[in-house]
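This briefing covers one protein chain, for use at the bench. Please have the sequence and the 3D view open while reading.

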Amino acid sequence: MEGGPQPKVPGPANQRDPGQIKKIKRTHTSTCIRGRHRRSINVYHMVNNRHFGSRTRLDICKLPTELLEASEKNIGLERNTGIPVQVKEMQEAAIRLLSPNLPTAEPFRNVLKSMKAMIEKVQSDDHTEQLMLPTHPGEEPRDTKTVYSQLFDLFGGIEVTVDILMQQFYFPAKDTADRAETDKWKKLSYKSLELLHGLFQCLGPDMGVELGHNNDLILHLFNLMSDKSCFLKSATLLEDILGSNSNTFKLSDLENLPKLIANFSDEQIANSCRVLSIAVSELESKDAHHTLPAQDRATRNKATTPVSDANQKILVELPSFVEKLVTIACQKIERGTPANYRNLVSEIESWVTWLDNSMAFDALAEVVNDEDGVYLNLPLNDIAIPLPQSIRAMHQVVYKVEVLYVLCLLLGGKQRQKVQEIVCTSKLMPGLNDIFDRVIWNCVLKSPLQNDNQNCDCSPEVALKVQFLRLVHTFCDHHNNKYVLLTKKEIQSLEKISAQANIPVSESLTTLDRSLLCNSNKGILTRLAEVTKSEPEDSPFRFWLARAIESFLRGKTSFADQTFLLKKGLLEHIIRHLLDTENKSKEVIQSYFDLLAELMKFNLYAYQRFNKVITNEEKFKKFLHIVHSNIVDSNMFVRCMVLSLEHFEREERENYDWLLQNCFLMRHISRKENRLNLLIKLINIVNVEILTQENVSCLNTTIIFLMFAERKGELPIYLHDLREEEQQQYRPGYLLQNLRELLMFWQEHYLHREKDCTALEKGSCIRFGKWRETVSLLTNSDMKSPVSVLHYLKKDNLLPEDLMDTSDPGTRVN
């Protein structure tokens, strides 16, 4: 399927440094443990192996304290941190804690004490005293808390912490266990989760990959989400682990998932979306399968249904799960008027330090309701601090971002049709339309964290707008349900446009359930058109606004849909923005040309409006320069011109004559030399090795040029002219060889892509059989045929090796 650039999902910022700790000296020592003389233990060899990739379990309890105290100096630290000894004491206390015949009060306190001390180390932002490690040339120095985390990991602290966390999984408490015993293990679980997340923040995804191999740990973390006190910490650690691994976790392994989700509150469902979004996403490296040939190879190598597809099916089939997401997405934010939001700075200044810690921000979900308001249970001077309204509002915005993202993934997946039905009957779009002005587009949660830039990519309100626009794009794309973005009055406008043009009303409109439409004066589509025209020139939302509106027009061309948007002045705004705005981003250029293409295709009214903006030759040359200098980004617009020219010539002859006389665009594209120039650019700009979802449209536009040339009997002339261009450039084959390789790939690529074939057919109004026939003619192995590319390659001895006739020296490559 052709498409523009997609937003990338950001990964964890921290990466574990492969050169974390200096290679450790090897020192032998003899130890006596529990009264028995043992073989000498090479502690440095064991630790060194762990540092260089071996995850052999380090039983630190067997090592003498004196040896551990000396180990940090041997590593090369400037001073002792006490972490190796702390890990040993923590493990010893944990062993005592699990012993059935020993009192547990003291070891419980010792474990908690060790964990709290380590949590303080990995969360500390105190830079007054740096702990330096020797570094290699060119290696970045590491901050103190990262060194603390590396030491804790190196001496087995992560394994000890996981062991403590997993005890309730392997040895669940008996039903007869008293409240005190249950609370004790809850506290240990909570602190274990907090410590592991803090370590992950310092060590990065390598730690997550390692923990991801422990399937029991992942199952236990899901189970812990059923406990309200551990819910958020479990979800956060799950997000860390699952997001670091390339293998998708199977939700089918969670037998209690239906019960778990059913018992979640709205806030818990929203927070669980952080985890579930990873489970329903394709986690394979985007870079590894970036090109279309790589994607095709990966598809052929897939023997089973992707786990992400199976996970989507499980979620969609959960009773009322999608409906709950819709409810959360459409909820209004408390006291969410724009005026209130603009006055929030003073209210949240005292929270900036606390919010700067991501784990502290996560704690926003751990609120308790009180008759006098909402309070946070935070150890800040041992005082219960009222949760400001601004923080509550920000938290609700973050909820919506997570929920909209999961809905977007489900709408774009294999369960799309079922999800479409659910969200439509649940009135997702009318609900979002109701909160568009007050919440989605005018939500301003200005905070000192944003450095006075409310358009910072990390701000909740920016994320909310982008996810909303992505959702609209995915919802509308080639789907008849798109009309629920409109109001009843707007539907009547479409019907009126069709009647005035004397064309039948779209079948999708006649069968539409009008109770599902937006209720206010303006629907979402109208609001998006208005916002597009009012946004600042450098707005970061221009790309997604254009994408969302374009997706409404995709599919079979609708004159009424186009005219409805044309009357809102979109075409004029887009052209002026392209002509007048300096330093336009590549993404915005592409999205605007794609939107122009959908607005103007086969539409005489659109070309008339274009002429009113481009009123002279100077403006047209400037516009044409933008088209030619951004041929990959503008190729869909070029395709629109070619398709429109052919349409008017064959089906609206009177309009065709008017356009040739009065329209700059149609006059330009009707000239063969201009079409040939564009064709050369399109062929030369891509090759099979660099074909991607973003530029494959250039190949399809090329085929349309050649298809219409063949229809008029001019294909041999075009192929001859391409060879002439090669001769003039002294580069035989650089166009025709590349063209044939691209066409051969095209035949294989579209062989099993029914959805993409249908999209090509609807977008061009040309049956896909005609596409195949044209490509078959061009790739024909009959070298005597003047419509075969091989016919011209043979003239320059450039035949592929598999087609060379070794008995005829004239066909050999010199």
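Is Glu598 buried or exposed? Glu598 is buried, because its relative accessible area is 11% and the cut-off for buried is under 20%. The model is predicted, and its confidence varies along the chain, with a mean of 28 in strand β1 (residues 32-33) and 98 in helix α29 (residues 559-566).

**Overall make-up**

- The chain has 814 residues, of which 54% count as buried.
- Its secondary structure consists of 43 helices and five strands.
- Of the contacts between residues at least 6 apart in sequence, 74% join residues at least 24 apart.

**Confidence**

- The average pLDDT of the chain is 82, and 78% of the residues score at least 70.
- Confidence is lowest in strand β1 and highest in helix α29.
- Residues 336-361 have a pLDDT below 50, although the model gives this stretch 52 contacts beyond near neighbours in sequence.
- Over residues 367-385 the pLDDT also stays under 50, and here the model has 31 contacts beyond four places in sequence.
- Where pLDDT is low, the predicted coordinates should not be read in detail.

**Two buried glutamates**

- Glu598 belongs to helix α31 (residues 586-600).
- Beyond its neighbours within four places in sequence, Glu598 contacts Glu550, Leu553, Arg554 and Gln562.
- Glu725 sits in helix α39 (residues 715-728) and counts as buried because its relative accessibility is 19%, with the cut-off at under 20%.
- The contacts of Glu725, leaving aside neighbours within four places in sequence, are Ile680, Tyr734 and Leu735.
- The C-alpha atoms of Glu725 and Leu676 are 10.0 Å apart, while the two residues are separated by 49 residues in sequence.

**Nonpolar core**

- The largest nonpolar core holds 236 residues, and the members that touch the most others are Phe222, Leu432, Met600 and Phe623.
- Helix α20 (residues 389-411) supplies the largest share of this core, 13 residues.
- In soluble globular proteins, nonpolar side chains tend to be buried together.
- Met600 is also in helix α31, at the end of its range of residues 586-600.
- Not counting residues up to four places away in sequence, Met600 touches Gln562, Leu571, Ala606, Tyr607, Phe610, Phe637, Cys640, Ser644 and Leu665.
- Gln562 is thus named among the contacts of Met600 and among those of Glu598.

**Cavities**

- The structure has three cavities of 30 Å³ or more, and the second largest has a volume of about 120 Å³.
- The lining of the second largest cavity is made up of Val642, Leu645, Glu646, Ile669, Arg675, Phe705, Phe708, Ala709, Lys712, Glu714 and Tyr718.
- Two or more of these lining residues come from each of α34 (631-651) and α38 (696-711).
- Sorted by class, this lining has seven nonpolar, four charged and no polar residues.

**Positive phi outside glycine**

- Lys427 is not a glycine, yet its phi is positive, at about 60°.
- Lys427 is in the loop between α21 (416-425) and α22 (428-434), and it counts as partly exposed, at 36% relative accessibility.
- His478, another residue other than glycine, has a positive phi near 55°.
- His478 lies in the loop between α24 (460-476) and α25 (488-500) and is partly exposed, with a relative accessible area of 29%.

Key
Residues numbered from 1 in each chain as written. Predicted model: local features only at pLDDT ≥ 70, side-chain atom pairs only at ≥ 80, totals over all residues. Heavy atoms only, no water. 1 Å grid on protein atoms, 1.4 Å probe; cavity = no way out; pocket = protein on both sides within 12 Å on 5 of 7 lines; lining within 4 Å. Points joined across faces, edges and corners; volume = space filled by probe spheres on them. Helix = DSSP H or I, 4+ residues; strand = E, 2+ residues; numbered from the N terminus. Nonpolar A, V, L, I, M, F, W, Y, C, P; charged D, E, K, R; others polar. Core = buried A, V, L, I, M, F, W, Y, C linked by side-chain atoms within 4.5 Å. Buried < 20%, exposed > 50% of the residue type's maximum accessible area, 1.4 Å probe, protein only. Contact = heavy atoms within 4.5 Å. pLDDT = per-residue confidence, 0-100.
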